[in-house]
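Got the viewer open? Here is a short tour, with a suggestion at each stop for what to select next.

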Amino acid sequence: MSSEYDVNLRYGVDINLNLSGKVAVVTGGLGGIAMASNQMLLAKGASLALLYPAFEQEKVAEIAAQFDAARVQFVSCDVTDPASVESAFQQVVAHYGHLDILLNCAGYVMLQPVMETEFTEWQKQIAVNLTGPFLCSQAAAKQMIAAGQGGKIINIASQAASIALDNHVAYTAAKAGLLGMTKVMAKEFAPHKINVNTLSPTVVLTPMGEKAWRGEKGEAMKKLIPLGRFAYTDEIAAAVLFFASNGSDMITGADLMIDGGFTIW
């Protein structure tokens, strides 16, 4: 058997990042990073299924008015509940016939010192930030494997998964677990051509992030970031778009830092 390769061959990367015909499920689909990602995915031709918690029901009508109803489905889902997740993904497949991309954006944080973190708070952060992505990735992979067309799973982690931050004990534990979970899934799903990766942002200027990091606290944090600023939602969405495209087909089990160099330290 020859060990020579034709170095002039090309994989066929689509430099236009075209996602026409693809269906993307976005958990936490009404949030800041999700909304920026939704716009980019739609602009590249994808159709969306936006999963949202029941307490955000009032937002749906307002957000739905911003999109083409034929290409955006809204599904209420508690990502921490297996039955709710199974039902949501069945609804997506019933509506579109298939799914190709999962973006796990659903998240929750409450910052407290270790000694002030109650067990119920610990459980909630682990449930939303780790159990949720597990259940949704499992449900998505089940559909992708059955379809036999591969797929992309993109998990939103955090710089807190890789570096110690005060008052982040539960959040860090969940996000660090997400990195490990992603690697195992990447290895197990690789034979099915399903790529699983994480993005780890610094502080992102979502409405929640902007409010939390106003004033002196934010200025002090920015001094620790070599690039000297926080991230914007479209910067995270741009990385989502890359991981959703065929240009990332050779990348799996990876964690992309979008932190302005914070974790260099």
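Start by selecting helix H4 and helix H5: in this predicted model, H4 passes H5 in a right-handed crossing. H4 covers residues 119-147 and H5 covers residues 169-189; their axes come within 8 Å and cross at roughly 15°. An angle under 35 degrees counts as roughly parallel, so H4 and H5 are roughly parallel to each other.

Now show the side chains where the two helices touch. On H4, pick Trp122, Gln125, Ile126, Asn129, Leu130, Pro133, Phe134, Ser137 and Ala141. On H5, the partners are Val169, Ala170, Tyr171, Ala173, Ala174, Lys175, Gly177, Leu178, Met181, Met185 and Phe189. Colour the H4 and H5 contact residues by character and you get 15 nonpolar, four polar and one charged.

Keep Lys175 and Leu178 of H5 on screen, and add Ile156, which is in contact with both. Ile156 belongs to strand E5, residues 151-156. Is Ile156 buried or exposed? Its relative accessible area is 8%, and the cut-off for buried is under 20%, so Ile156 is buried.

What else does Ile156 contact, leaving aside its neighbours within four places in sequence? Select Ile33, Leu103, Asn104, Cys105, Leu199, Pro201, Ile236 and Val240 to complete the set. Leu103 and Asn104 take you to strand E4 (residues 101-104), which has the highest mean pLDDT among the elements of the chain, 99.

Next, follow Ile33, Ile236 and Val240 out from Ile156. Ile33 is part of the H1 side of a second helix pair, while Ile236 and Val240 are on the H8 side. Helix H1 (residues 32-43) and helix H8 (residues 233-244) pack at an angle of about 50°, with axes 8 Å apart, and that makes H1 oblique to H8. The crossing of H1 past H8 is right-handed.

To fill in this contact, add Gly32, Ala36, Ser37, Met40 and Leu41 on H1, then Thr233, Asp234, Ala237, Ala238, Leu241 and Ala244 on H8. The contact residues of H1 and H8 divide into ten nonpolar, three polar and one charged. While Ala244 is selected, try a distance label: its C-alpha atom is 13 Å from that of Ile156, though the two residues are 88 apart along the chain.

Finish by colouring everything by pLDDT. The chain averages 96, and 99% of the residues score at least 70. Which element has the lowest mean? Select helix H6, residues 207-212, where the mean pLDDT is 82.

Methods. Residues are numbered from 1 along each chain as its sequence is written. This is a predicted model: local features need pLDDT of at least 70, side-chain atom pairs count only at pLDDT 80 or more; totals for chains, interfaces and linings use all residues. Side-chain values use heavy atoms; hydrogens and water are left out. pLDDT is the predictor's confidence in each residue, from 0 to 100. Helices (H or I, at least four residues) and strands (E, at least two) are DSSP runs, numbered from the N terminus. Buried means under 20% relative accessible area, exposed over 50%, partly exposed in between (1.4 Å probe, protein chains only). Contact means heavy atoms within 4.5 Å. Axes are lines fitted to C-alpha atoms, for helices over the stretch in contact, and angles run from 0 to 180 degrees between N-to-C directions. Angles under 35 degrees count as roughly parallel, over 145 as roughly antiparallel, 65 to 115 as roughly perpendicular and the rest as oblique. A crossing is left-handed if the near helix is turned anticlockwise from the far one by less than a right angle, and right-handed if clockwise. Ala, Val, Leu, Ile, Met, Phe, Trp, Tyr, Cys and Pro count as nonpolar, Asp, Glu, Lys and Arg as charged, and the others, Gly among them, as polar.
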